[in-house]
Amino acid sequence: MNHKVSEEQIGFYRENGFVVIDEFLDADELETWRRYVGEAVANRGKRKLADGRMVEEDNYYARVFAQRINLWNDHEGMRRLMLDDRLGKMAADLAGVEGIRIWHDQALIKPPWGNPTAWHLDNPYWSFYSRAAISLWVALDDVTRDNGCLYFLPGSHKTATYDNVGIGSNIGDLFNAYPQWGALEAVAVEMKAGSCSFHNGLVAHGAGANMTPYHRRAMTCGYMPDGSTFNGQQNILSPEQVANYEIGDVLEDDGQSPLIYHRSKDYVRFTG
Ligand SMILES: O=C(O)CCC(=O)C(=O)O
Ligand SMILES: [Fe+2]
């Protein structure tokens, strides 16, 4: 695993709100990620969450991508992959934070002839607000403009607020909320399978339609800086969890949001 981020990559990320890490996984690792994601997704059936909440319906959104969340919850292999502290250190270095927790992982599998992913921001959906929130997106297939690669609006994380839109059928709805972004040019990020990108939780991004007869598989994870606090939104939390939190409470339940990396701990294995 190509898990060290350079000063140059950190600088690019801070400026643009995204960065690509080429050849993040080697061929063997890619095979493992594909196999575990395949098993974990098959095991879920239509359930998006392990506990059976959020069941996929046959609608427009289901044809943007099949979305299966927190595969680390119910597949041992996915747990090992997602709780890897090397991923946490990459995210912490890019985001410039002390510690990183998993907010939620998700497989996003755009089906053949799948709908585009409308422009949106990630962090405003989540149960904490942080300008340092960050997402990882790992290509499990080669991704191109033909099959639904990601597009970013460089620098938009700097002026984003927590206003957002849903991933609906109007790909450009986000520009109603942020008319000042309407004249920016998007950057398409084509990648080989095994490469990955990281993006800031407030950078505008979307993905094109899948104009091929093949699946476009991605494994992703949204990360929460350690110390983030509850903002009142449910997102993936259970009703019981929401009922037990007050706005402003620190989200530090390791069963829900495991701390996968913290600078204060000893990470000799990966820094030596
Ligand atoms: O894979 C996609 O189509 C969208 C991915 C995305 O929005 C994300 O990873 O935050
Ligand atoms: Fe997103």
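**Helix α4**

I started with helix α4, residues 85–95, in this predicted model. I counted 9 of its 11 residues as buried, so the rest of the structure largely encloses this helix. The buried ones I wrote down are Leu87, Gly88, Lys89, Met90, Ala91, Ala92, Asp93, Leu94 and Ala95. Then I looked just past the helix: right after α4 comes Gly96, with a positive phi of about 75 degrees.

**Positive phi elsewhere**

Next I hunted for positive phi in residues that are not glycine. As a reminder to myself, most residues other than glycine have a negative phi. Asn70 goes the other way, at about 55 degrees. I found Asn70 in the loop between β2 and α3. Is Asn70 buried or exposed? It counts as buried, because there are 23 C-beta neighbours inside 10 Å and 20 are enough for that label.

Trp113 is another case, with a positive phi near 60 degrees. Its place is the loop between β3 and β4. Here I got 12 C-beta neighbours inside 10 Å, so Trp113 counts as exposed.

**Trp72**

Back to the loop between β2 (66–69) and α3 (76–82), since Trp72 sits there. I have Trp72 down as buried because 22 other C-beta atoms lie within 10 Å. Which residues does Trp72 touch, leaving aside its neighbours within four places in sequence? I listed Met78, Arg79, Met82, Leu83, Ile102 and Asp105 as its contacts. I also checked Val37, which is 35 residues away from Trp72 along the chain, and their C-alpha atoms are separated by 9.9 Å.

**The sheet of 4 strands**

I traced an open sheet of 4 strands and noted the order β4-β9-β6-β7, paired antiparallel. At the edges are β4 (117–120) and β7, each of which pairs on one side only. From one strand to the next, I get an average twist of 20 degrees. In general, strands of a sheet pair through backbone hydrogen bonds.

I zoomed in on one pairing: β6, residues 150–152, runs antiparallel to β7 over 3 bridges. Which residue of β7 is the bridge partner of Phe152? I found Val187 there.

**Ala186**

Ala186 caught my eye in the loop between α5 (174–177) and β7 (187–189). I call Ala186 partly exposed, because 16 other C-beta atoms lie within 10 Å; that count falls between the 12 or fewer of an exposed residue and the 20 or more of a buried one. Setting aside neighbours within four places in sequence, I saw Ala186 in contact with Tyr151, Phe152 and Leu153. So much for contacts; I then tried a pair further along the chain. Ala186 and Pro239 are 53 residues apart in the chain, and I get 38 Å between their C-alpha atoms.

**Around ligand 1**

Last entry: the surroundings of ligand 1. I noted Phe65, Leu108, Lys110, Thr117, Asp122, Ser135, Trp137, Gly148, His205, Ala207, Ala218 and Thr220 around it. Sorted by class, this shell around ligand 1 has 5 nonpolar, 5 polar and 2 charged residues. Which strands supply at least two residues each to the shell? I came up with β3 (99–110), β5 (134–139), β9 (205–207) and β10 (216–225). One of these, β9, had already turned up in my sheet, in the order β4-β9-β6-β7.

Note on methods
Residues numbered from 1 in each chain as written. Chains lettered and ligands numbered in written order. Predicted model: local features only at pLDDT ≥ 70, side-chain atom pairs only at ≥ 80, totals over all residues. Near = placed C-beta within 6 Å. Nonpolar A, V, L, I, M, F, W, Y, C, P; charged D, E, K, R; others polar. Contact = placed C-beta atoms within 7 Å. Pairing = 2+ DSSP bridges. Axes fitted to C-alpha atoms, helices over the stretch in contact; angles between N-to-C directions.
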